[in-house]
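Could you walk me through this model in my viewer, one selection at a time? I would like to know what to pick next and what is there when I do.

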Amino acid sequence: MKMSCRNIFKSYQDSLDSVGRDVLRDISFTLDSGNSLSISGPSGAGKSTLLNIISGLDDADTGDIYFDNLCFSSLTNSEKTKFRLQNISLVFQSFNLLKDFNVLENIMLPLIYKGLSKKDSKEYAISALDSVDLSNFKLSSVNTLSGGEAQRVGIARALATNAKIILADEPTGNLDKDTSNLIINNLVDICRENKISLIIVSHDDTVLSKLNTNRKIIDGKFI
């Protein structure tokens, strides 16, 4: 799925200041289907805000997001939620796994929310775990996982939904260098093989070097 950001602006109002702070200023780019993009920049530059706008978790003040020929920005909140559930997966630095469920159940839950049967959800979840070499962990408690294993479960969860776009916000920020390399290589290879578009926010130069295109945000603008 091709994605385009067109002239995205976003500002936030500081409660102590009557003047809004520009977080994103005229951000535009296109990512072709199956390609990858890394976004770097200092803390507070607007990287996570941009991912939130792309996923529909936040709205731009002006500008548009397109997926193929669909103007995502013009959809209602409920329409954005439905589109995101069907097409976009998020991978977080903090893993966001549910501790009351085992590994397999954590991957199955989003699929059940999408309307898949329990049987089909289980099959997709097991296949996704196989792709990240964690099939032996399917019945494990998430509390027993290492950081690298937990992040691979997060990636498996993203892959199991059959997403066309994966957005990853500092996915290796809590991992050591060797584990980080393993995770990123795995994620990039899987996305390339399955024609999934991938956007990663990261400060890690090793991570940045593995993606097709690199962009940096300074003071809310691409440089």
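Start by selecting helix 1 and colouring its buried residues: Lys47, Thr49, Leu50, Leu51, Ile53, Ile54 and Ser55. Helix 1 spans residues 47-55, and because 7 of its 9 residues are buried, it is largely enclosed by the rest of the structure. Keep in mind as you go that this is a predicted model. Now step just past the end of helix 1 to Gly56, where phi is positive, at about 85 degrees.

Next, move along to strand 4, residues 62-67, and pick out Asp64. Is Asp64 buried, partly exposed or exposed? Its relative accessibility is 30%, so Asp64 counts as partly exposed. Show its surroundings and, leaving aside residues up to four places away in sequence, you will find Asp64 touching Ser4, Cys5, Arg6, Ile8, Cys71 and Ser73. For a sense of scale, draw a C-alpha to C-alpha distance from Asp64 to Ser209: the two are 28 Å apart in space and 145 residues apart in sequence.

Two of the neighbours of Asp64 are cysteines, Cys5 and Cys71, so select that pair now. A disulfide is a covalent bond between the sulfur atoms of two cysteines. How many disulfides does the structure hold? The count is 0. Why is Cys5 without a bond? The closest cysteine sulfur to that of Cys5 is in Cys71, and at 11 Å it is too far for a bond. Cys71, likewise, is in no disulfide, with the sulfur of Cys5 as its nearest cysteine sulfur. Switch on a surface and look at both residues: Cys5 counts as buried because its relative accessibility is 2%, and Cys71 counts as buried at 16%.

Now for the helix packing. Select helix 3 (residues 103-113) together with helix 4 (residues 118-131); their axes are 8 Å apart and the packing angle is about 125 degrees. That angle makes helix 3 oblique to helix 4, and the crossing is right-handed. To see the contact, show side chains for Val103, Leu104, Ile107, Met108, Leu111 and Ile112 on the helix 3 side, and for Lys118, Ser121, Lys122, Tyr124, Ala125, Ile126 and Leu129 on the helix 4 side. Colour this contact by residue type and you get 10 nonpolar, 1 polar and 2 charged.

Keep helix 3 on screen and swap helix 4 for helix 5. Here the axes come within 9 Å and cross at roughly 30 degrees, which means helix 3 is roughly parallel to helix 5. This crossing, too, is right-handed. Helix 3 brings Val103, Asn106, Ile107, Pro110 and Leu111, which meet Val153, Ala156, Arg157 and Ala160 of helix 5. By type, the residues of this contact are 7 nonpolar, 1 polar and 1 charged.

For the last stop, hold on to helix 5 (residues 147-160) and add helix 6 (residues 177-193), where the axes come within 10 Å and cross at roughly 10 degrees. That makes helix 5 roughly parallel to helix 6. Highlight Gly148, Gln151, Arg152, Ile155 and Leu159 in helix 5, then Thr179, Leu182, Ile183, Leu187 and Ile190 in helix 6, and you have the contact in view. The residue types there divide into 6 nonpolar, 3 polar and 1 charged.

Note on methods
Residues numbered from 1 in each chain as written. Predicted model: local features only at pLDDT ≥ 70, side-chain atom pairs only at ≥ 80, totals over all residues. Heavy atoms only, no water. Disulfide = S-S within 2.5 Å. Buried < 20%, exposed > 50% of the residue type's maximum accessible area, 1.4 Å probe, protein only. Axes fitted to C-alpha atoms, helices over the stretch in contact; angles between N-to-C directions. Helix = DSSP H or I, 4+ residues; strand = E, 2+ residues; numbered from the N terminus. Parallel < 35°, antiparallel > 145°, perpendicular 65-115°, else oblique. Left-handed = near helix turned anticlockwise from the far one by under 90°. Contact = heavy atoms within 4.5 Å. Nonpolar A, V, L, I, M, F, W, Y, C, P; charged D, E, K, R; others polar.
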